Structures are given as structure tokens and as C-alpha cells.
Amino acid sequence: MLRKVTLLAAALVLVGGPALAAAKVREPNEIAFSFEGPFGRYDQAQLQRGYKVYREVCSACHSMNLVAFRNLGDAGGPFFDPKYPNPNDNPVVKALAADTQIGDIDGETGDAIKRPGIPADKFPAPFANDAAAKASNGGVAPPDLSLIAKAREGGPAYIASLIAGFGTPPAGLTVPAGLNYNPYFPGDVSANWTGDHAHTPPGGFIAMAPPLTADQVTFDDGTKSTIKQQAEDVAAFLMWTAEPKMEERKHMGFSVLIFLILFSGLLYASYRRVWRDESH
Amino acid sequence: MSGHSTYQPKTGFERWLDARLPIIRLGHDSFVDYPTPRNLNYWWTFGGILSLCLGVQIITGIVLAMHYTPSAAGAFNSVEHIMRDVNYGWLLRYMHANGASMFFIAVYIHMLRGVYYGSYKAPREVLWILGCVIYLIMMATAFMGYVLPWGQMSFWGATVITNLFSAIPVVGPAITTWLWGGFAVDNSTLNRFFSLHYLLPFMIAGVVILHVWALHVVGQNNPTGIDPKSKSDTLPFTPYATVKDGFAMSLFLILFAVFIFYMPDSLGHPDNYTPANPMVTPPHIVPEWYFLPFYAILRAVPDKLMGVLAMFGAIACIFALPWLDTSKVKSMRYRPQARIYFFFFLVACVILGFCGAKLPDAQVIPGLTTVFVIDYDLNTFVWLSRLSTLYYFAYFLVVMPVLGLTEKPLPTPETISSPVLGVETKD
Ligand code: HEM
């Protein structure tokens, strides 16, 4: 009796799990990122390429307010160099920062000025404020990308699929002006679909135009700059900006687990010893 | 506390202190010499684990508070500052955020242990009520803590839950405004939640002391539900219980560490990594997992006020348990029928948890349309919640009182030692 009920409950739970919502969306592609799994680490070359894509393409629209140039030289970061444990001394980081113009106040006159960046500066934002960001992007402000990889279901795989996944909209779909069809973007296109309603295309309309074209970014390490490559590299970089301490975390976790397992073993041995003469 | 103290001060200082403040004696009597039933199983280690959880939350919380900014403008970024710039800040925050979940895992096991073995029955009613008070304050603390990072789910969760009070007739809206400190969840709400989130754990610690005091007056229950009759039924707390609790804590810490280091965000919601925005409502507002069964009960009732009453009623039932259960036998080991109803109760709670995470009108079995009852098709999560809610209340209000009078329990042993020294019973 009990067993039957358990099976029934399990079946209900299993069936209940993937309940379909009314609007469909395409599942992100399977991408084998180097940082997956308990021992996964960031691929530094990939982070460097991803940073280049962000800096040359995405940063025209998207801010990244939580990340400073110095972070690029932190352990686990794209330009970490063991020679410079203090990232503020790292020449690559310094050069990248100095190559930007940062808004500041002149200490003498109080005037608003622009000066070359230093490693302590946060990445400059493309728009002065949210209203300006909206005005330039058809009324939708591009979200800050610092945490985007943790703020979206599917994380980096979703981002890579989304930005490389535009393609031509299926015939029968009217794309509203200023928007773009993307099968990976959650939404509902049924109101704009003239075809068979049982086969409404998945996905939704997004205010971001397809940002990537092949060879738009030249990778310094000679990697072929396909759209897919750029998308995966920038997605990996965005994972790093969202979770810069991941390598440190996994590394410490390994030692902690080894310790706890040994410690538990010791405690179990003590327990057996203390209780050896007591029936219970 | 119960019985005669065997503490012998050893040094001159201990003798001096013992005559003035017998605090070492108190510790000795409570945690060294204290007699524990010799047949306690691992379900009895969760009390110690819960103390560990409270300690972890308080210590990590105090350090987090040193770096956290309780303001609508600064909260989100200060949490990210902790994650990025504070030394081991990510560790503190992941310990604290996952620690809350661990705390609830432990408290649910601890409470279900109490239900199964009848630990709430005389003379342990006050002990049980104090435990329920701890659980209630824990829920308040965790709810307010989740608001502090001021992400989208923080903000909208706070909005949904505080709005529940507006369902109270006449004074509801005034109470809600009073809770908010304004006309919406805003900076003043965040500030008071931070203040209370800092305060409540210390109130929990206070109630824990009462809880342990009550425990040491009446003594621990045990898997047989038979109170110890002689010295051969018990063993001193130290070393027997200390080493067993220590081992269990260490295993629990392994689970905790797996979450902290390898899946730190798995129990959270991605939306909480987007800063709070009162202008953008997330498509699907869900509370933390440990509130889901109650959330499902709330939404199972079509009327808002009745829903709120049902939700609080669900908690009130737990408080009233000592007086709802009429059975003279404590442990379900000797109550085969009660065991079956208990099993269904567990299933109902898990199903409620699932329902709480789903949209009410989503289909349980995809693509199947059945009959439309009142407001929804029968094959929807709202109806599944309703059935489970019904069972939840029936378990407390019908099964507990009636079964105790009608069932035929198995024979119970004379003493703790007779079953354990004789034939082994399972579970
Ligand atoms: C009963 C014990 C406690 C529970 C169950 C609890 C629960 C929580 C939860 C669920 C969060 C949200 C975590 C997140 O998603 O980021 C949180 C945040 C926070 N808690 Fe606690 N907490 C407890 C004790 C304390 C104490 C004693 C303090 C301070 C003295 C504290 C200070 C904080 C601070 C500053 C935050 C915001 C930082 C953050 O979000 O990580 N907590 N708490």
C-alpha cells in the first residue's frame, strides 16, 4: 500500500516538474564551458577574448558598474599575472584603464572634466543616466551586465545562445518596429503570428539588435572570430564578472570538504569507541 | 537541573566561583552529567545542529552587517561590495544565505521528529510551544533577511507578503502602511527590516535558552516514547551524546559546504541579482523554498482574507498539536495506523511545496484538460494545492483527535532498556 502511494507521488512530482507554460521559449544550447563542474576554472585566454568583445561591442550600450579595471588583474581574472599580485601595478591593466576617458571633477576649479582612467576606476558607462540609455535604445534601457550571468535562468549558456541566436524571423511573423525576433528570449509572439497557432514560434521580441557580426572583433591570440566564438567568449567573460571569486571558492571548498570528511571519520571512530560497551 | 547535582569544584577558583555564581555547575549539570536516554537515534542530533546553525547565522550576520548598507540606494551594491571587495566576503555571504536554508532543513527534520515520536505530549507541551515560537521568529527573521539584498525578489516578495495584512477588515490598510513606514515598500521598510533582522536572532537565542531549560526539566523523549525509569535507561550527556552530536554536525557541515562552495546560488532566485525596481514586476514572484508550502496554502483559498487565515491557521495547528492528539501512546513505532497518516502528511507537505513554486493555473499533467470546477480545471496546481491543504488540516483537526480514540496501538515496552537490550526493533 505504502509503496504504491510512494510511486504515485513520485509520478505526480515527475509529471508536474516540466509543466509547460503557455508561451514557449527555445532552451539554451548545450555549451561546454571550462568553468563548469567542481574543478572547472576560467580559461584565461577566453576571458581576454570575451573582454575584448565586451569592450569593443557591448559596452557601446551596456554598462558594467560593478567592475573596476583593477579587477581584470585579480587572481582568476583575464589579465592576472603572478608577477603583479597587486593588480594596480599590472601594466596591461594600467594601459587598458589609461585608454579610456573617465568623467571627474577638477579639484582646483570644480569643473566637470575627462581624464585618462586608472586601475581603480570602474568601467565607464555608455550613458549618463537611465533616461539617456532608454532614449538611445527605443525606450528600453540595456541592462547592466555586471551580474547578468547570475540574473538569468540558464546563465552563460543562455547569454551565448541569445546573442548568437537571432537569425531571420520565420515567414508569417510580423516583427514590430524597433524590436527583433529571438527564439531564446522569453516572451510571447502569438499576437504577431499569422501562421498555424499550434506552431507559434518560440521566443519573443527583444529591443537589442543582433550585436555580433563575424570578424567584427579581431582576437589577439589568432582565434577565428566567428559569431559563435565571440558569443561564447563574451558569455564566459560575463560569468567571470558575475562570479569573480569562483576559482577561489571551488579551491577552498575542496580543502574544506577533505577536512570535513577526515574530521567526520575521526568523530565516527571516537563515537564507536565511546559507545563500544553500551548497547543502544 | 533535574535531580541532584554531582558537580565537584576542583580548583580553588571553581570553589570560589561556585559559592557566588554556580555557572560552571549549571554547565556541568546541563551538558556533561545530564542523563540522556540511551536509545536516542540520529533524528535526535538535530537539536545540536540547530544550535550550530544559529551560531553560524549570528556570527556571519554580524560580520556582514559591518559591511552592509541598509538603504534602498546602497543595499544592493553593498552586498556586491561584500561579494567582490571584502576579504572572504563571498564566503560570509554564501554561508549566511545558504545557512538560512540549512537552518530550515534542520528545523523541519527536528519538528517532524517531534511529531513522529510524540515529543509534544505531556509533560512536554511547553517545550513544544517554545519550539514553535522559535520557528515563528525564524520565519520572520528569514523573511526580513531576504529583503536586505534589495534585489527584485527581495522587493516583490516583501510587497506580496506585507500586502497580506491589508486583507484584515477595517484596520488592514492602516496596518500595512504602518509596517511599511510609508505608502509602499521603500527605504523605511528596508531600514526597519534590517533593524529587526538584527534583533530577532537574539530573541531566538533567548527562547532557545528557555527551550533547553524546559527540556532539562522534563527530560528528552526517545524513540520508544517511554520515559526513563532507572539509571540503566540513560547515559551521561558527555561523552555519549556529545560525540554522537558532533559526528552528526560534521556530516551536516559537509552538506552545508557542498552548497556554499559548489552550488551557492542554487537555492536562490536569479531575479535577486537584479536590483529592486518598483516599476518592473517579475513575471513570477516566489518566496524562498522553506515558505512554499504555506504560500501554496495561501493561494489555494480563493478569498484573500480566508487565504491569510488559512496560512496562519496552518501554523496555529502546529502550536495546538499537544491538545489535538488524543493518543496515550507517544511514539508512532507502536501506532501502525498513525504511521500511514503521517506518511501522507509528509507527501502533502512536499506536494504543497511544489505547488507553491508553480503558477496556480499551470497544468499538473501537461496537455490534459479535465473538468472545470468552480474557478479552475481540476488538472491545475491550484486544485492540487487545495486537495493537499485539505489533507494538511484534516491531519491535525480530524486524524489526530479521532485516531487516538479509535486505533489499536501495539503493546509498548515496560522500560527503554527492555526493547533495546532484548529484541531489536527497527527504525
Ligand atoms: C536566525 C538567524 C538568521 C537567519 C535565518 C537569517 C537569514 C537571512 C537571509 C535569508 C538573508 C538573505 C541572504 C541573501 O539572499 O543574500 C539574510 C541577509 C542578511 N543578514 Fe541574516 N539571518 C539570521 C541572522 C542574522 C544576524 C544575527 C545578523 C546580524 C547581526 C544578520 C545580518 C544580515 C545581513 C547584514 C544581511 C544582508 C547581506 C546579505 O544579503 O547577504 N543576519 N539573512
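Which atom of the ligand lies 2.8 Å from a polar side-chain atom of B:H96? In this predicted model, the partner of B:H96 is a nitrogen atom of the ligand.

B:H96 belongs to a wider set of surrounding residues. The ligand is surrounded by 24 residues. B:H96 is among the closest, together with B:R93, B:G145, B:H197 and B:Y198. B:H197 also places a polar side-chain atom 2.8 Å from a nitrogen atom of the ligand. B:R93 meets an oxygen atom instead: an N or O atom of the B:R93 side chain is 2.8 Å from an oxygen of the ligand.

Helix α6 of chain B spans residues 125-147. B:F143 is part of this helix. The relative accessibility of B:F143 is 18%. B:F143 therefore counts as buried, since the cut-off is under 20%. Beyond its neighbours within four places in sequence, B:F143 touches B:G157, B:A158, B:I161, B:F193 and B:F291. A further pairing links distant parts of the sequence. B:F143 and B:P287 are separated by 144 residues in sequence. Their C-alpha atoms, however, are 8.7 Å apart in space.

Two helices of chain B pack against each other. They are α11, residues 292-300, and α12, residues 304-324. Such a pair is described by the angle between the two axes and the distance between them. For α11(B) and α12(B) the angle is about 145°, and the axes are 7 Å apart. The crossing is right-handed. On the α11(B) side, the contact is made by B:F294, B:I297 and B:L298. On the α12(B) side, B:G307, B:V308, B:A310, B:M311, B:A314 and B:I315 take part. Eight of the contact residues are nonpolar and one is polar. No charged residue is found in this contact.

Contacts between chains A and B are illustrated by B:R84. This arginine is found in helix α4 of chain B, which covers residues 75-84. With a relative accessible area of 11%, B:R84 is buried, because burial requires a value under 20%. The B:R84 side chain reaches across to chain A, where the backbone oxygen of A:T241 is 2.8 Å away. A:T241 is one of several chain A residues in contact with B:R84. The others are A:L66, A:V67, A:S146, A:L147, A:A242, A:P244 and A:K245. This list leaves aside neighbours of B:R84 within four places in sequence.

Definitions and conventions:
Residues are numbered from 1 along each chain as its sequence is written. Chains are lettered from A and ligands numbered from 1 in the order in which they are written. This is a predicted model: local features need pLDDT of at least 70, side-chain atom pairs count only at pLDDT 80 or more; totals for chains, interfaces and linings use all residues. Side-chain values use heavy atoms; hydrogens and water are left out. Helices (H or I, at least four residues) and strands (E, at least two) are DSSP runs, numbered from the N terminus. Buried means under 20% relative accessible area, exposed over 50%, partly exposed in between (1.4 Å probe, protein chains only). A polar contact is a pair of N or O atoms within 3.5 Å; within protein, one must be able to donate a hydrogen and the other to accept it, and residues adjacent in sequence count only if both atoms are side-chain atoms. Contact means heavy atoms within 4.5 Å. Axes are lines fitted to C-alpha atoms, for helices over the stretch in contact, and angles run from 0 to 180 degrees between N-to-C directions. A crossing is left-handed if the near helix is turned anticlockwise from the far one by less than a right angle, and right-handed if clockwise. Ala, Val, Leu, Ile, Met, Phe, Trp, Tyr, Cys and Pro count as nonpolar, Asp, Glu, Lys and Arg as charged, and the others, Gly among them, as polar. A residue is near a molecule or strand if one of its heavy atoms lies within 4 Å of it.
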